[in-house]
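Notebook open. I want to look up empty space, cysteines and one arginine, and write down what I find.

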Amino acid sequence: MATKAQKFRLALVQCLPGSNKVKNLQRAAEMVREAASNGAQVVSLPECFNSPYGTRYFPEYCEPVPDGDSTRMLSELAKETKTYLIGGSIPEKYQDKIYNTCSVFGPDGNQLALYRKLHLFDIDVPGKIKFTESDVLSPGQTPQTFDTEWCKFGLGICYDARFPELAGLYRNRGCKVLVYPGAFNMTTGPAHWELLARARSVDCQVYTAFCSVARDESATYVAWGHSLIVSPW
């Protein structure tokens, strides 16, 4: 990843969340430390890195931000590894609603951004997959960016990547990198995962990073995986 004058290393952590939240956090932390030890200065976790992905799981695994176990861990880990840590997403409990939320922490452990998924994943592909996030989740309202010493970053989560208007807004705000923690499935993944990452990069002339959870064939929701970073070219 580079501007005209500087380069930095961005790592995507493709971890495999299970039903045990404590173990999910421990494994994510191990992989972030590994990335940092290999020179990563910016690290992203995937969507729902602390829980299984599914509407039946969101109420059980949701927690407050930034005062829950997951975001406390992210803050401490960012400070420990001296990285900009993009906390994928977790189910966030706020008042009487649940959001799909990404928190970003700087090398000093302070929170730099809180982004709630704008476009909820409501899809029905006959004979293949039906999923309705809006049965449980509420949509966010505000795009979010954060600054580093290298460039400005824009945030989206999974289904947000299908909307070029959001990417264009970030481009117009001066972002050079767009990061989308995600969990495309075995229907939409082969069809659109790489296509959308490349489209957003070429459309907006930015770097685009899609960070997925790993694939678990035994899960109720099987992720495509294939995390990738795409250049403007």
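Before I start on the interior, I fix my term: a cavity is a set of grid points where a 1.4 Å probe fits but cannot get out, and a lining residue has an atom within 4 Å of such a point. I also note that I am working with a predicted model.

**Entry: cavity.** I searched for enclosed space and found one cavity of 30 Å³ or more. I read its volume as about 40 Å³. Which residues line the largest cavity? I list Phe121, Cys158, Tyr159 and Arg162, then Ala183, Phe184, Asn185, Thr188 and Tyr221. I sorted this lining by type and got six nonpolar, two polar and one charged.

**Entry: pocket.** I turned to open space next. The largest pocket holds about 280 Å³. I count 20 residues in its lining. Nearest the pocket centre I find Pro17, Pro52, Tyr53, Ala219 and Tyr221. I note that Tyr221 also appears in the lining of the largest cavity. By type, the pocket lining splits into 13 nonpolar, five polar and two charged residues.

**Entry: cysteines.** How many disulfides does the structure hold? I find zero. I checked Cys151 to see why. Its closest cysteine sulfur is in Cys175, 8.1 Å away, so the pair is too far apart for a bond. My cut-off for a disulfide is sulfur atoms within 2.5 Å. From the other side, the closest cysteine sulfur to Cys175 is that of Cys151, again at 8.1 Å. Are these two cysteines buried or exposed? Cys151 has 10% relative accessibility, so I log it as buried. Cys175 has 2%, so I log it as buried too.

**Entry: Arg171.** I placed Arg171 in helix 4, which runs over residues 164-172. Its relative accessibility is 37%, so I call Arg171 partly exposed. The window for that label lies between 20% and 50%. What does Arg171 touch, leaving out residues up to four places away in sequence? I get Asp203 and Cys204. I also took a distance to Lys152, 19 residues away along the chain. The C-alpha atoms of Arg171 and Lys152 are 9.6 Å apart.

**Entry: record check.** I looked up the UniProt annotation. An unreviewed entry lists "domain: CN hydrolase" for residues 8-233. I computed the span in the model: 27% helix and 27% strand. The C-alpha atoms at the two ends of residues 8-233 lie 18 Å apart.

Technical notes. Residues numbered from 1 in each chain as written. Predicted model: local features only at pLDDT ≥ 70, side-chain atom pairs only at ≥ 80, totals over all residues. Heavy atoms only, no water. Helix = DSSP H or I, 4+ residues; strand = E, 2+ residues; numbered from the N terminus. Buried < 20%, exposed > 50% of the residue type's maximum accessible area, 1.4 Å probe, protein only. Contact = heavy atoms within 4.5 Å. 1 Å grid on protein atoms, 1.4 Å probe; cavity = no way out; pocket = protein on both sides within 12 Å on 5 of 7 lines; lining within 4 Å. Points joined across faces, edges and corners; volume = space filled by probe spheres on them. Nonpolar A, V, L, I, M, F, W, Y, C, P; charged D, E, K, R; others polar. UniProt positions renumbered as here; feature names shortened; annotations may be inferred.
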